[in-house]
Amino acid sequence: MARNSATSAMLLNTIRRYWATVCGGVAVTGFVIMSILWLGSASVGELVEAEMRARGANFVRLLLGPQGQVDAFLTGIARDPNAETTIRTVANLADIESFAVFSQQGEEVFRSRSDRYEWLLRDRPGGISSGDRLSPSLLERQGEWQVVHDEGRTNSSVVAPLIRDGVTIGYLSVVANMDESRAAYAGTLGRTSALVAFVLCLATGVPFLLYLRRKRKISEADERIQFLANHDGLTHLLNRRRMQEETDRVMATARATRERVAYLYIDLDELSEINNSLGHGCGDELLRTVATRLAAAVDEGDLVARIGADDFAVLHRRSSDVAAIASFARRISDSVCEPVQLGGQTVRPSISIGCALAPQDGRIHSEIVKHAEIAHLHHKADKGRSLVFFDPSMDDEMARRRQIEALVREAVEKDRFELFYQPIVNGDGSRLLGFEALLRLGDTQGGYISPTLFVPIAETRGYIKAIGSWVIREAARQIALWPEPLFVSVNLSAVQFRDGDLVDIVQSTLREAGIPGRRLEIEVVESLLLERSEDVLEQLGQLKDLGISIDMDDFGTGYSSLSYLWRFPFDKLKIDQSFMVALTNGEPNVPQILETIVAMAHTMQMKVTTEGIETDAQVELMKRLGCDQLQGYLFGKPMPAERVASEVLTRFRIGEAESIRPLSSAKAAG
């Protein structure tokens with residue numbers, strides 16, 4: 001049923017599209033068929049006339065022959081009855097209904113039967129005479145001639161002279177029934193005409209149909225080209241160019257009508273992760289699903305487009321107020337973020353939405369899309385709202401972001417990153433144990449950009465894996481230059497675990513630096529384990545087999561789920577510096593919580609490092625609680641490697657038992 005409907009729809013569409021051509025073809029075909037029928041009908045008449053002439057000529061020869069006794073018919077004397085009977089019999093066999101003989105003067109002298117009064121007289125022996133005369137025009141004709149009368153509806157007749165020895169002695173009129181002959185001719189010619197028409201239609205129709213098919217293919221190809229020129233091939237939404245044209249058109253109209261327009265920039269989060277984990281086919285399917293949901297969620301008259309690899313745009317018309325636009329964005333988010341089955345897994349899409357309003361945020365497409373994109377970047381960092389509206393102050397932030405992005409790209413390409421090292425000492429501050437390597441990026445003013453600014457940008461632009469690999473190699477190279485048993489700890493990003501080659505990178509780094517695994521520590525945050533935990537835990541186990549210490553960083557700031565502490569044997573817990581801030585502020589129960597964390601870690605055979613140590617009182621507290629390692633400004637701020645050699649290692653070489661004094665105390669003593 002569906003296939004028949006589709007075929008009918010396609011046929012109707014073809015007829016609608018090529019109706020003029022089809023009508024022309026039908027008209028030509030009809031003209032050809034009618035011409036063939038007319039020619040056939042004319043041919044039947046000519047054939048009947050020809051046969052009628054032949055019958056008339058044959059009957060004339062019969063009458064003029066020895067057995068014809070034409071004189072007896074002309075004079076009525078010495079007529080042999082048997083001869084008349086013979087003539088009548090021959091006439092009947094030749095389907096001659098009647099015949100009449102006329103004298104030289106054109107007067108009827110014998111008629112075999114009366115066509116006018118046949119109800120009275122029928123084939124009367126000896127014939128009759130009705131008194132008819134031939135017209136003078138016939139009598140004036142000279143030589144051999146025949147006049148045939150055939151209307152196609154009545155019996156045909158033929159008039160011919162009776163000539164003997166060159167002298168016309170009379171005239172003969174023959175009326176014959178030509179119905180059977182006419183039917184035979186019509187049938188033969190009809191079949192022939194039908195065959196000719198069929199051959200003609202076949203000869204012209206097939207090329208015509210091929211022409212229509214080719215024209216339809218060309219038309220479909222043109223439509224496809226036009227569609228692809230204006231739409232995205234994957235999602236069938238408007239493409240970026242067409243969206244720009246339509247947006248400019250709508251905004252030009254809106255300026256005249258004072259219509260308020262909202263431009264929503266929508267980014268599909270983590271599409272690259274889905275491509276990497278499930279394959280690009282699943283990523284494409286997700287894009288199609290999101291596009292379908294977007295198109296269904298918007299209002300009539302709104303424009304929807306795919307303007308980037310994972311970026312969509314919606315031009316929302318007739319925007320009444322900010323609250324209505326926020327409600328519209330929530331509707332989009334609720335629809336798009338429904339779970340999707342991809343590659344046998346359930347994936348819940350996540351989107352970031354930035355909104356710019358026309359005309360206040362822009363009067364042309366380039367302005368409004370730039371401002372909506374800036375707003376969407378702020379939504380990425382703050383998902384507590386359904387969307388973020390553009391604010392003029394964001395322009396300065398975007399310019400700063402672009403500047404940082406350029407510096408990050410240049411640093412990746414030209415190795416412009418630096419590592420700073422912060423000392424880590426034992427629990428009473430008496431011995432230097434190692435360093436934490438911290439990434440730094442210089443700006444154009446001779447200062448440094450905060451990692452909280454450039455690291456998210458590096459993650460967004462896909463640089464974080466290359467940066468993380470560089471950090472591992474550079475930290476290992478540097479610690480190899482410092483005396484044993486000092487170690488260096490580095491922080492790893494979730495991206496570095498994604499491709500499954502982290503263990504190989506670390507293994508080759510240790511080999512190139514010529515250091516054992518115990519001199520390298522790897523710090524991971526708890527949130528890393530919440531995603532793809534089995535894969536991450538497996539790689540951490542392989543790193544641990546290399547002798548590397550695996551540390552859980554910032555413990556106490558996230559979910560603090562104890563399940564990971566028994567699922568994976570971490571070597572160290574790092575207490576976040578926020579506990580030292582809370583302790584300084586006098587918040588209640590902080591010492592008790594710290595004591596619990598230290599006791600739990602020791603029970604599970606883990607060391608404890610406390611970050612953010614800035615006072616001697618904090619050192620004494622953590623020493624009393626049994627903390628194994630301390631880290632903070634009290635022992636040294638993060639510094640370049642050359643300063644470590646001059647400020648930290650030099651003091652450490654004074655004596656292994658000497659405490660690492662706070663930098664302020666050291667300066668005062670100097």
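## Helix 16 and its two sides

Let's start with helix 16, which runs over residues 502-513 in this predicted model. Its 12 residues reach 16 Å from the first C-alpha to the last, close to the 16 Å expected at 1.5 Å a residue. Look for the buried residues here: Leu-502, Val-503, Ile-505, Val-506, Thr-509 and Leu-510. These buried residues lie on the same side of helix 16, because they cover an arc of only 160° around the axis. An α-helix has 3.6 residues a turn, so residues three or four places apart point the same way.

Now turn to the face of helix 16 that points away from the buried side, where you will find the exposed residues Asp-504, Arg-511 and Glu-512. Just after helix 16 comes Gly-514, with a positive phi near 70°.

## Strand 14 and its partners

Strand 14 covers residues 432-442, and 10 of its 11 residues are buried, so strand 14 is largely enclosed by the rest of the structure. Here a residue counts as buried when its relative accessible area is under 20%. Strand 14 pairs with strand 13 (residues 418-426) in the antiparallel sense, over eight bridges. In this pairing, Ile-424 has Gly-434 of strand 14 as its bridge partner. The hairpin of strand 13 and strand 14 has five residues between the strands, and Gly-429 takes a positive phi near 80° there.

Another partner is strand 15 (residues 448-449), which pairs with strand 14 in the antiparallel sense over two bridges. Gly-442 has Tyr-448 in strand 15 as its bridge partner. The hairpin of strand 14 and strand 15 also has five residues between the strands, and in this hairpin Gly-446 takes a positive phi near 90°. With strand 16 (residues 487-491), strand 14 pairs in the parallel sense over three bridges. Follow that pairing and you will see Glu-436 standing opposite Ser-489 in strand 16.

## A mixed sheet with helices packed on it

Next comes an open sheet of five strands, in the order 7-8-6-11-12, with mixed pairing. Strand 7 (303-306) and strand 12 (388-389) are the edge strands, each pairing on one side only. Within the sheet, strand 6 (residues 261-268) and strand 11 (residues 351-358) pair in the antiparallel sense over eight bridges. Ala-262 stands opposite Leu-357 of strand 11. In a regular strand the side chains alternate between the two faces of the sheet.

Helix 11 (residues 365-381) packs on this sheet and touches strand 6, strand 11 and strand 12. The direction of helix 11 makes about 140° with that of strand 11. Helix 9 (residues 280-297) lies across strand 6, strand 7 and strand 8 (311-316), running at about 5° to strand 8.

## His-365, a buried residue in helix 11

Is His-365, which lies in helix 11, buried or exposed? His-365 is buried, because its relative accessible area is 5%, below the 20% cut-off for a buried residue. Which residues does His-365 contact, leaving aside its neighbours within four places in sequence? They are Met-243, Gln-244, Thr-247, Asp-248, Met-251 and Tyr-263.

## An antiparallel sheet

A further open sheet has five strands in the order 2-1-5-4-3, and its pairing is antiparallel. Its edge strands, strand 2 (108-111) and strand 3 (147-149), each pair on one side only. From one strand to the next, the twist averages 20°. Strand 1 (residues 96-102) and strand 5 (residues 167-176) pair over six bridges in the antiparallel sense, with Phe-102 standing opposite Tyr-171 of strand 5.

## Glu-180, an exposed residue in helix 6

Glu-180 sits in helix 6 (residues 179-230). Glu-180 counts as exposed because its relative accessible area is 64%, and the cut-off for an exposed residue is over 50%. How many residues apart in sequence are Glu-180 and Asp-95? They are 85 residues apart in sequence, and their C-alpha atoms are 9.5 Å apart in space.

## The whole chain

Finally, step back to the whole protein chain, which has 24 helices and 21 strands. Of its 670 residues, 43% count as buried. The protein chain exposes about 34900 Å², and carbon and sulfur atoms supply 54% of that area. Among contacts between residues at least 6 apart in sequence, 64% join residues at least 24 apart.

Notes. Residues are numbered from 1 along each chain as its sequence is written. Side-chain values use heavy atoms; hydrogens and water are left out. Helices (H or I, at least four residues) and strands (E, at least two) are DSSP runs, numbered from the N terminus. The expected span of a helix is 1.5 Å times one less than its number of residues. Buried means under 20% relative accessible area, exposed over 50%, partly exposed in between (1.4 Å probe, protein chains only). The arc is that of the directions from the helix axis to the C-beta atoms. Two strands pair if DSSP finds at least two bridges between them. Contact means heavy atoms within 4.5 Å. Axes are lines fitted to C-alpha atoms, for helices over the stretch in contact, and angles run from 0 to 180 degrees between N-to-C directions. Accessible areas come from the Shrake-Rupley method with a 1.4 Å probe; for residues, only the protein chains shown count as cover.
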